Amino acid sequence: MALYRRIPGAIAVITLTNPPVNALSCTVREAIYETVKRATADQEVKAIVLCGANGKFCGGADIKEFSREMRGPPLVPMIDMIEESEKPVVAVIEGVAFGGGLELALGCHYRIAHSGAQVGLTEVTLGLLPAAGGTQRLPRLIGVPAALDIITTGRHVSAQEAVRLGIVDKVTDSSAMEEAIEFAKTVAGEPMGPRRLSLWTAACPEDLDSLLEGALVRIRQRSRGALAPVACVQAVRAAASLPFAQGMKKEQELMAYLFTSGQARAMQYCFFTQRAAARWTTPSGASWENTKARPVRQAAVIGLGTMGKGIAVSLSRAGIPVIAVETEQKRLKAGRKAVNSMLTRESQKRGLAEAHLGSISFTLDLRKLRDTDLVIEAVFEDMALKKQIFSKLSSVCRPDALLCTNTSGLNIDEIASAASRPELVVGTHFFAPAHVMKLLEVVCGPRTSPVAVATAMQLAKRLEKIGVVVGNCSGFVGNRMMRPYTEQAYYLLEEGARPEEVDLVLEEFGFAMGIFRVMDLSGLDVGWRSRKELGLTGPKLPPGTEARSRGGKRYSPLPDILCESGRLGQKTGRGWYLYEKERVATPDPWLQSFLEDYRSRFGIQSRRVGQDEILERCLYSLINEGFRILQEGIAASPEDIDVIYVSGYGWPRHRGGPMFYAWMVGLPKVLDKLEHYHRTHPDIPNLAPSSMLRKLVARGSPPVHQWRALIQQHSSQL
Ligand SMILES: CCC/C=C/C(=O)SCCNC(=O)CCNC(=O)[C@H](O)C(C)(C)COP(=O)([O-])OP(=O)([O-])OC[C@H]1O[C@@H](n2cnc3c(N)ncnc32)[C@H](O)[C@@H]1OP(=O)([O-])[O-]
């Protein structure tokens with residue numbers, strides 16, 4: 001709702017009240033209409049102040065209403081009504097003014113912000129565009145180039161930048177409300193015509209076409225295939241070239257097209273699932289609601305390799321004092337230097353005083369950890385080494401200290417077996433670079449206690465990461481699903497495709513990089529090392545093993561052969577591609593003839609592999625593994641799998657995540673295709689459709705949010 005009150009000085013104050021973010025629900029819109037009409041009709045009122053309850057102006061339109069039938073007054077005429085008011089309307093921007101919230105403020109005649117506030121036209125992140133006049137008013141207010149950037153990225157703009165750009169008229173460190181009331185008194189009675197943005201002309205550079213073309217190029221690089229940012233560019237073009245009323249018409253047309261699109265649905269699904277992941281539960285009845293996290297006042301990181309350094313920086317950035325431990329003086333020195341320079345860059349970038357960062361001390365002595373609340377072990381992926389460390393930690397740490405292991409796939413329970421308190425051992429799978437990537441898989445072993453899960457999830461929140469609780473199995477959720485995906489990519493090469501063909505299809509789908517470019521970037525030796533450890537290649541491989549088969553299943557030795565010949569990816573200048581200029585991947589003629597030799601050596605008839613087959617075999621095999629994960633209870637819900645893929649594996653947000661995508665494609669189609677590919681490749685068992693997929697199809701392919709109820713009938717590893 002919106003509360004109305006009169007205060008001395010002939011001011012009407014209208015307060016949006018719809019916790020937690022004062023979203024513009026049907027009721028709120030109705031109340032704004034009513035209260036603004038009341039204020040404009042009241043002879044005693046000379047100016048109106050519009051603010052939000054609980055220190056937040058407005059989080060925009062109510063996203064929950066998008067999936068229901070539209071009720072109540074629409075936003076556009078409501079904002080027009082405010083702009084047309086003869087009495088000045090001053091918006092008080094505290095906390096946030098996002099999406100429709102900022103559009104509402106743009107309809108006001110003045111905007112006063114608190115210094116901690118943020119504004120933004122965030123609709124594009126929900127697959128939409130600012131269709132309450134935002135695409136037309138913002139370019140008129142701050143010029144086309146700056147508006148184009150804000151509208152197409154949906155980025156959050158600080159109050160300081162907002163005043164610099166002219167989005168707000170004033171920023172204050174003290175009470176924005178008091179400031180606005182005093183200001184409103186000074187402008188009461190003035191004519192408001194010059195303050196109506198709809199009457200302004202957008203300042204536009206001469207080379208408008210090249211500005212817009214440049215924006216489209218950036219959009220294609222950032223989110224290929226996404227409709228909303230492209231529509232945003234078209235709307236801004238209208239603001240630059242058409243009168244306001246015609247621009248608004250264009251904005252509405254574009255919105256109508258986006259509003260019902262699958263992409264908008266997918267991105268709104270991502271918004272809600274990301275928040276739902278924090279509300280973890282386990283079948284034992286433990287949950288975020290009934291389990292209290294332990295406070296973490298001091299943390300430690302063991303190992304200052306790539307991951308350890310990023311984790312230490314993340315902790316420090318969250319204001320948690322850290323003790324960083326290494327085994328050798330040389331490594332400690334190098335780690336300290338790297339961490340300190342990362343922190344300096346961080347604080348410069350964020351304009352943070354050092355006081356905001358938790359202190360980091362460096363030591364070779366594990367005994368210094370006796371008072372830490374939480375330890376994150378981040379050494380190499382070596383089970384024996386990890387167990388040794390956990391055994392030592394058990395004797396030096398406090399009995400209630402939480403012991404976390406940063407592993408990308410090792411058995412948490414086996415690591416826990418080396419600790420005297422296995423219930424306090426939990427997996428924290430960070431993603432590289434750990435101070436940048438948002439995802440944290442919180443891995444729950446069979447003996448991990450609810451308190452350990454709650455504390456790790458709370459830590460994720462403090463680190464501004466998205467924590468997702470997963471069960472214990474090789475590769476957990478994310479990496480386990482990657483395996484069949486990468487394997488299919490190798491098989492496609494064996495059968496006749498080229499790396500650049502596979503990558504192009506995946507990039508057209510929306511991944512920033514195809515799988516072969518990703519492997520070249522992270523280093524082919526990463527997978528090689530783990531295949532050697534698993535005895536799939538290298539010295540542990542039993543003599544006489546067939547080159548293209550392991551345990552009766554198809555195996556591709558292609559990546560092993562590349563590694564053996566020193567092609568480890570970007571770092572060696574060649575991998576699946578050639579890198580003559582640093583980081584620029586070019587197709588390598590050598591690889592082409594190598595693949596031809598390989599095929600003829602193994603008698604493989606090369607064929608032209610179509611784009612559909614590339615996409616289906618890569619994605620459906622990954623999705624099929626997702627269904628198996630659900631069936632085994634390694635993930636609590638399909639939504640959790642989707643959050644993992646969107647926030648940690650570059651799955652395009654406008655495709656919602658693999659499980660959501662499967663549902664959008666149609667589960668019967670996915671099943672049908674998997675059956676077909678399994679029939680034609682019976683030696684690839686993971687193409688056999690999972691029973692969970694079959695079950696969902698048999699039940700009429702219910703929407704994703706209903707799968708959880710079906711999954712609960714199965715076993716759970718959580
Ligand atoms: C019509 C065309 C023009 C206009 C279009 C638009 O405005 S499109 C909209 C453009 N607006 C945006 O894009 C802004 C989207 N919102 C945000 O970015 C953040 O929520 C925040 C920065 C406002 C607050 O962050 P924070 O970390 O403090 O809190 P939190 O994120 O955890 O959220 C708390 C709870 O509020 C819920 N909820 C939040 N917003 C909305 C909403 N608009 N609606 C409904 N619900 C919303 C959220 O789901 C969560 O519910 P839960 O899980 O507790 O049941």
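Which element gives the largest share of the shell around the ligand? That element is α11, with three residues. This is a predicted model, in which local features need pLDDT of at least 70, side-chain atom pairs count only at pLDDT 80 or more, and totals for chains, interfaces and linings use all residues. Residues are numbered from 1 along each chain as its sequence is written, and side-chain values use heavy atoms, with hydrogens and water left out.

Start at the ligand. It is surrounded by 25 residues, where near means a heavy atom within 4 Å. The closest include G100 and R279. By class, the shell has 14 nonpolar, five polar and six charged residues. Here Ala, Val, Leu, Ile, Met, Phe, Trp, Tyr, Cys and Pro count as nonpolar, Asp, Glu, Lys and Arg as charged, and the others, Gly among them, as polar.

Now look at single atoms. A backbone N or O atom of G59 sits 2.8 Å from a ligand nitrogen atom. For G100, a backbone N or O atom is 2.7 Å from a ligand oxygen atom. R279 places a polar side-chain atom 2.8 Å from an oxygen atom of the ligand.

Next, turn to the backbone. Most residues other than glycine have a negative phi, and most peptide bonds are trans. The bond from P19 to P20 is cis, with omega near 0°. The bond from A432 to P433 is also cis, with omega near -10°.

N22 has a positive phi of about 55°. N22 is buried (under 20% relative accessible area, 1.4 Å probe, protein chains only), at 2%. N54 also has a positive phi, near 55°. N54 is exposed (over 50%), at 66%.

How values were computed: Polar contact = N/O pair within 3.5 Å; in protein donor to acceptor, adjacent residues only side chain to side chain. Helix = DSSP H or I, 4+ residues; strand = E, 2+ residues; numbered from the N terminus.
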